[in-house]
Amino acid sequence: MGQIQLNQVSKSFGKVEVIPPLDLTIEDGEFVVFVGPSGCGKSTLLRLIAGLEDVSGGHVLIDGRDATETVPARRGLAMVFQSYALYPHMSVRKNIAFPLRMAGMDKAEQDRRVENAASVLNLTDYLDRRPGQLSGGQRQRVAIGRAIVREPAAFLFDEPLSNLDAALRVGMRLEISELHKRLKTTMIYVTHDQVEAMTMADKIVVLQAGVIEQVGSPLELYQRPRNVFVAGFIGSPKMNLISGAEAAKHDAATIGIRPEHIEISQSEGTWKGTVGVSEHLGSDTFFHVQCNASSEPITVRATGELALHYGAEVWLTPRPEHLHRFDDKGLRIA
Amino acid sequence: MARAVTTRRKALNTAIAWAIGLLIFFPILWIIIMSFKSEGDAIKAPLDVLTSAWTFENYGVVQERSNYSRHFFNSVLLAFGSTLLGLIVAVPAAWAMAFVPSKRTKDILLWMLSTKMLPAVGVLYPIYLLFIQLGLLDSRAGLVIVLMLINLPIIVWMLYTYFREIPGEILEAARMDGANLRKEILYVLTPMAIPGMASTVLLNIILAWNEAFWTLNLTAAKAAPLTAFIASYSSPEGLFYAKLSAASVMAIAPILVMGWFSQKQLVRGLTFGAVK
């Protein structure tokens, strides 16, 4: 079991309220990602769940039990830190066994669990090494191993991949997702990288300034963002947001259209523009087109084969079924 | 050409360093030399001292006249005892200051350090009276406590500096892994801070070993360490330079040897945190 419920949980540091009272329920076995820009309070929220920070108000319930006053060790949660937080003076084996040793588990059972975790995470050959002798990816795996041996009610990940290089990040992302599928344990994952959020999550919680902007599945957030902030934050490259006269034509204060939902043509279309910078990714090309409809360049996603030179005259046509409309408060118009 | 200048400059620097080193070491060297001279020769002009006959006589007399081994044992007990007691008090204190600082932590640290600026003689009278009342005068236990207290600010400061270098996330990880405060300090913090703690221990042992004010004022015979052993050779009838030197050499030799072997650790410890 690993259901986590936050009831009116808030956090203040001195007079500064970083998280106003919020409610959130994370169901057993879910992979939930907290995502938001730096300083939005996502790590603080995770630490409140872990018990590493005391809540200023409200209650944290784990499997229905009030854990607000429970010390971190007794909450039955395991955490993987951004810096790995391995014990540098202990071997990999001792690092992984540490929580079991603290729980007073007998040595044979400790060894069995450590061997098991090591084989799951491909660490068997490194068990007698110190963390300092491992690569970043291996260290992160040790940190995950230390978390899984405890068989916790839920795993908490605090930006675990941000210290890894891009290639390793993709690999570890898959490994963590696979681990979740295999263990079926609740996982709460904090990241500022919306690609990680989209690819890994069952449910995404988008935060800004300590406030939950939207909770939903990755596709829900992508297809029906609740407000301008979520619309701009989810999706890569980000959604084009246009306000002013062009938005007024659609009875909205702001309209949004994703780069992949705009047709680009050299002969005809709705908005006339000039090609600026082109980003060639091979499979796709992103064109940044300056046009009268928007003060900001509009990003358009096209196939990798399309070649348009800087300054070329083009026509853009947004697909009407993918047009998002927002009112003057930034909220979605149904 | 540039290389020649560099080599010449290096040689000059080395010569200057040696000169300064010898200047600092000279008093100790002179004490060692005098300890091997007769009382008559020891008070002669420096050149005559050097050319006069060498003798082991002083060491024999010093050993005969006073009980070196008892003083040595007291010094060891006081230095190690006060250091151990200091660590027991300072580790949790430094932990609290480094990992759960409050608004006043910096003030407390500075206040602790300011007590080191207080002239010791200023508190001699109250402490002396306290020792009489508590029956601690000339007792090893009393001196262990006093030496621990006077060096405590330094131990706390040094440990605080080392602990600050340890990432807080590692201690949080230990907490998540089920360690209570005692286990967190014992299994995670202490092993990680061992290099720093080693230099703190070394420095504190040296300070406690060399401490003379309190050891001379609060002891008579039973708890007297080597500092009192040296002082006993400064008598009203006049100074016995050669014997005083022999006693001094015997008193400083153990700590000098210990310092020599642990100098790397000491220097590393004292400059720890200064350069990242």
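Colleague: What makes E12 and strand E18 of chain A a pair?

Modeller: DSSP gives E12(A) and strand E18 (residues 324-326) of chain A three bridges, in the antiparallel sense. Two strands pair if DSSP finds at least two bridges between them, so three are enough. One residue pair at this place is A:Thr254, which stands opposite A:Phe326 in E18(A). This is a predicted model: local features need pLDDT of at least 70, side-chain atom pairs count only at pLDDT 80 or more, and totals for chains, interfaces and linings use all residues. Residues are numbered from 1 along each chain as its sequence is written, while chains are lettered from A and ligands numbered from 1 in the order in which they are written.

Colleague: Which strand pairs with E12(A) over four bridges?

Modeller: Strand E11 (residues 240-243) of chain A does, again in the antiparallel sense. Within that pairing, A:Ile242 has A:Ile255 of E12(A) as its bridge partner.

Colleague: Which residues of strand E12 of chain A point which way, and are they buried or exposed?

Modeller: From strand E12 (residues 254-257) of chain A, A:Thr254 and A:Gly256 point one way, A:Ile255 and A:Ile257 the other, and all are buried. Buried stands for 20 or more other C-beta atoms within 10 Å of the residue's own, exposed for 12 or fewer, and partly exposed for values in between, with C-beta atoms placed from the backbone. All of these E12(A) residues therefore reach the 20.

Colleague: Why are E2 and E5 of chain A said to stand at the edges?

Modeller: The open sheet has four strands in the order E2-E1-E4-E5 (chain A), paired antiparallel. Strand E2 (16-26) and strand E5 (65-66) of chain A each have a single partner strand, so one side of each is left without a neighbour in the sheet. For E5(A) that partner is strand E4 (residues 57-62) of chain A, through two bridges in the antiparallel sense. The bridge partner of A:Leu61 in E5(A) is A:Asp66.

Colleague: How do you know that helix H1 of chain A packs on the sheet?

Modeller: Helix H1 (residues 42-50) of chain A touches strand E1 (4-13), E2 and E4 of chain A. Two residues are in contact if their C-beta atoms, placed from the backbone, lie within 7 Å. The direction of H1(A) makes about 115° with that of E1(A); axes are lines fitted to C-alpha atoms, for helices over the stretch in contact, and angles run from 0 to 180 degrees between N-to-C directions.

Colleague: What makes H9(B) mostly covered?

Modeller: Seven of the nine residues of H9(B) are buried, among them B:Glu172 and B:Arg175. Its buried residues pack against H1 and strand E6 (77-80) of chain A, and against helix H5 (68-99) and H10 of chain B. After H9(B) comes B:Gly178, with a positive phi near 100°. Helices (H or I, at least four residues) and strands (E, at least two) are DSSP runs numbered from the N terminus, so nine residues qualify H9(B) as a helix.

Colleague: How many residues does each chain give to the contact?

Modeller: Chain B gives 14 residues and chain A gives 17. On the side of chain B that touches chain A, helix H9 (168-176) and helix H10 (181-192) of chain B are the elements that give two or more residues. H9(B) has the largest share there, six residues.

Colleague: What are the domains of the two chains?

Modeller: Chain A is divided into domain 1 (4-229) and domain 2 (239-326), with C-alpha centres 38 Å apart. Chain B is divided into domain 1 (2-58) and domain 2 (66-232), with C-alpha centres 35 Å apart. These bounds come from an automatic or database domain assignment.

Colleague: How do the chains compare as wholes, in helices, strands and buried residues?

Modeller: Chain A has nine helices and 18 strands, and 41% of its 334 residues are buried. Chain B has 15 helices and two strands, and 33% of its 276 residues are buried. The C-alpha trace spans about 75 × 45 × 35 Å along the principal axes in chain A and about 75 × 70 × 30 Å in chain B.
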